[in-house]
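Student: I would like to learn how to read a fold carefully, one feature at a time. Could we work through an example together?

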Amino acid sequence: MKEKTAHNIAHVLIEALPYIQAFKGKTVVIKYGGNAMTEDALKRSFARDIVLMKLVGINPIVVHGGGPQIGDLLKRLGKTSEFVDGMRVTDSETMDVVEMVLGGLVNKEIVNLINVHGGKAVGLTGKDGNFIHARKISLTKAGPTLEDAPEIIDLGHVGEVSSIDPAVVEMLGNSHFIPVIAPIGVGKDGHSYNINADLVAGKVAEVLKAEKLMLLTNTPGILGKQGELLTGLTLGDIDNLIADGTISGGMIPKTRCATDALRGGVTSAHIIDGRIEHAVLLELFTDQGIGTLLLRR
């Protein structure tokens with residue numbers, strides 16, 4: 001039995017070897033969120049995955065969310081969360097909570113987890129080194145009739161990425177450190193803005209010309225109409241799957257984030273199930289993988 005186990009371990013290592021060789025020195029941006037951020041076993045496995053990646057010569061960059069944690073604290077403070085088209089309306093008071101949760105509690109927990117497992121993580125927000133420049137988002141909704149003027153909905157401190165100065169992240173990523181980024185940007189007005197973590201991860205991957213963008217989700221990946229996992233998809237495939245309704249709802253913006261990164265120069269993107277222990281390693285270093293692989297070609 002021991003001999004068989006040793007043989008299996010050797011097989012796993014040999015299977016991983018060409019991937020380790022191919023990705024050595026390359027940058028991989030991982031968006032960390034969902035169940036992987038809230039269940040203890042998954043948090044530990046994610047931290048180990050990131051440490052191992054760094055040890056074998058890959059440069060991982062972690063971008064994290066924290067929506068549920070923000071909602072929990074707002075609820076405890078007696079403040080009701082309001083959403084418009086999936087975006088949290090963020091007044092100044094709510095933005096203070098967002099910064100405290102994302103830039104403080106959540107970010108430092110991830111940093112600590114990685115460090116406890118042997119890594120050297122450094123926590124950042126987009127305000128550090130002024131590296132995520134944001135612009136305010138406002139929604140425009142059509143009036144009830146054609147004669148009515150469109151309604152402008154002010155979401156407060158909700159932003160999108162206008163540009164990224166990667167100097168700080170490049171300096172850390174090219175050394176022994178692992179950047180852990182909270183998706184908070186700064187506008188020309190000096191105000192802080194809450195930005196969707198998928199968008200930040202995609203833009204960081206694009207600017208750094210990363211080898212891979214990995215988006216951890218609470219689903220197995222992109223599913224076909226019969227519930228089967230789809231993988232090896234091209235940009236044209238994605239457009240067709242959206243057009244025929246196979247990709248719908250909340251998977252559309254996530255997929256668009258991945259395809260925008262591919263068009264911007266990222267070699268491949270992956271939408272993977274963060275509910276599986278060591279999901280990142282399984283997708284990176286095994287022949288079969290566990291999620292949806294998206295390619296430029």
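Student: Before the details, how many strands form the open sheet, and in what order?

Tutor: Two conventions come first. This is a predicted model, in which local features need pLDDT of at least 70 and side-chain atom pairs count only at pLDDT 80 or more, while totals for chains, interfaces and linings use all residues. Residues are numbered from 1 along each chain as its sequence is written, and side-chain values use heavy atoms, with hydrogens and water left out. Helices (H or I, at least four residues) and strands (E, at least two) are DSSP runs numbered from the N terminus, and two strands pair if DSSP finds at least two bridges between them. Here seven strands form an open sheet, in the order E5-E8-E2-E1-E11-E12-E13, with mixed pairing. Its edge strands, each pairing on one side only, are E5 (121–125) and E13 (292–295), and from one strand to the next the twist averages 20 degrees.

Student: Which strands pair with E2, and in what sense?

Tutor: Strand E2 (residues 59–64) pairs with strand E8 (residues 178–182) in the parallel sense over two bridges, and E1 and E2, which also run parallel, are joined by six bridges. Val-62 of E2 appears in both pairings, since it stands opposite Val-180 in E8 and opposite Ile-30.

Student: Which way do the side chains of E2 point?

Tutor: In a regular strand the side chains alternate between the two faces of the sheet. In E2, Asn-59, Ile-61 and Val-63 point one way, Pro-60, Val-62 and His-64 point the other way, and all are buried, where buried means under 20% relative accessible area, exposed means over 50% and partly exposed lies in between (1.4 Å probe, protein chains only). The strand is thus mostly covered, with six of its six residues buried.

Student: What does Asn-59 touch?

Tutor: Contact means heavy atoms within 4.5 Å. Asn-59, which is found in strand E2, counts as buried because its relative accessibility is 12%. Not counting residues up to four places away in sequence, Asn-59 touches Gly-25, Lys-26, Thr-27, Val-28, Lys-54, Gly-173 and Asn-174.

Student: Which strands does helix H6 lie across, and at what angle does H6 run to E1?

Tutor: For such angles, axes are lines fitted to C-alpha atoms, for helices over the stretch in contact, and the angles run from 0 to 180 degrees between N-to-C directions. Helix H6 (residues 197–207) lies across E1 (27–32), E2 and E11 (212–217), and runs at about 175 degrees to E1. Helix H8 (residues 251–263) also packs on the sheet, where it touches E1, E11, E12 (268–273) and E13, and its direction makes about 170 degrees with that of E11.

Student: At what angle do H6 and H8 pack?

Tutor: Angles under 35 degrees count as roughly parallel, over 145 as roughly antiparallel, 65 to 115 as roughly perpendicular, and the rest as oblique. H6 and H8 pack at about 10 degrees, with their axes 9 Å apart, and they are therefore roughly parallel to each other. In this contact Asp-198, Leu-199, Gly-202 and Glu-206 in H6 meet Lys-254, Cys-257, Asp-260 and Ala-261 in H8. By class, these residues divide into three nonpolar, one polar and four charged, where Ala, Val, Leu, Ile, Met, Phe, Trp, Tyr, Cys and Pro count as nonpolar, Asp, Glu, Lys and Arg as charged, and the others, Gly among them, as polar.

Student: How are H3 and H4 packed?

Tutor: Helix H3 (residues 67–76) and helix H4 (residues 92–116) pack at about 125 degrees, with their axes 10 Å apart, and are therefore oblique to each other. Among the residues making the contact are Ile-70 and Leu-73 of H3 and Val-97 and Val-101 of H4. The contact of H3 with H4 has nine nonpolar, two polar and no charged residues.

Student: Which residues are in contact with Asp-49, beyond its sequence neighbours?

Tutor: Asp-49 is found in helix H2 (residues 40–55), and is buried because its relative accessible area is 1%. Leaving aside neighbours within four places in sequence, Asp-49 is in contact with His-278, Ala-279, Val-280 and Leu-281. The C-alpha atoms of Asp-49 and Ala-279 are separated by 8.3 Å, although the two are 230 residues apart along the chain. His-278 lies in the loop between E12 and helix H9 (279–285), and its phi is near 60 degrees, a positive value in a residue other than glycine.
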